[in-house]
Amino acid sequence: MLHDRVLVRQDRTEGERRSGGGILIPATAAVGKRLAWAEVVAIGQNVRTVEVGDRVLYDPEDRAEVEVRGVAYVLMRERDLHAVAAERLQGTDDSTGLYL
């Protein structure tokens, strides 16, 4: 990995999902702009805010997909991440483990 690049693996493939109330939403349903979660698998030497294993929130429309050894990943710049979820960030009682 070079510079400020982050390589992530998407949490799940696009398809049917359930709403909070248990309603099944088909993959073909039109949904507004939706951000997605992914797991960081590699980072460049200039990345400062995330580590391998963190979960990050990103915009799936602004992505560059790459396949490595038959596995699909998303390559992006660190500045394109919207949020980071990591257990290492939970230091105090009022901490959520998320930061933007």
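**Exercise 1.** Determine which residues make the nonpolar surface patch of about 270 Å², and place Leu75 within the fold.

*Solution.* Step 1: the patch is made by Met1, Val66, Val68 and Leu75. Patch members have over 30% relative accessible area and no salt bridge; like charges are joined within 9 Å, and nonpolar side chains (Val, Leu, Ile, Met, Phe, Trp, Tyr) within 5 Å. Areas come from the Shrake-Rupley method with a 1.4 Å probe, and for residues only the protein chains shown count as cover.

The model is predicted: local features need pLDDT of at least 70, side-chain atom pairs count only at pLDDT 80 or more, and totals for chains, interfaces and linings use all residues. Residues are numbered from 1 along each chain as its sequence is written, and side-chain values use heavy atoms, with hydrogens and water left out.

Step 2: Leu75 belongs to strand β7 (residues 71-77); strands are DSSP runs of E, at least two residues, numbered from the N terminus.

Step 3: Leu75 counts as partly exposed because its relative accessibility is 31% (buried is under 20%, exposed over 50%, partly exposed in between).

**Exercise 2.** Identify the pairing of strand β1 (residues 5-10) with β7 and with strand β4 (residues 36-43).

*Solution.* Step 1: β1 and β7 pair in the antiparallel sense over 4 bridges (pairing requires at least two DSSP bridges). Val8 has Val74 of β7 as its bridge partner.

Step 2: β1 also pairs with β4 in the antiparallel sense, over 5 bridges; here Gln10 is partnered by Ala38 of β4.

How values were computed: A salt bridge is a side-chain nitrogen of Lys or Arg within 4 Å of a carboxyl oxygen of Asp or Glu. Buried means under 20% relative accessible area, exposed over 50%, partly exposed in between (1.4 Å probe, protein chains only).
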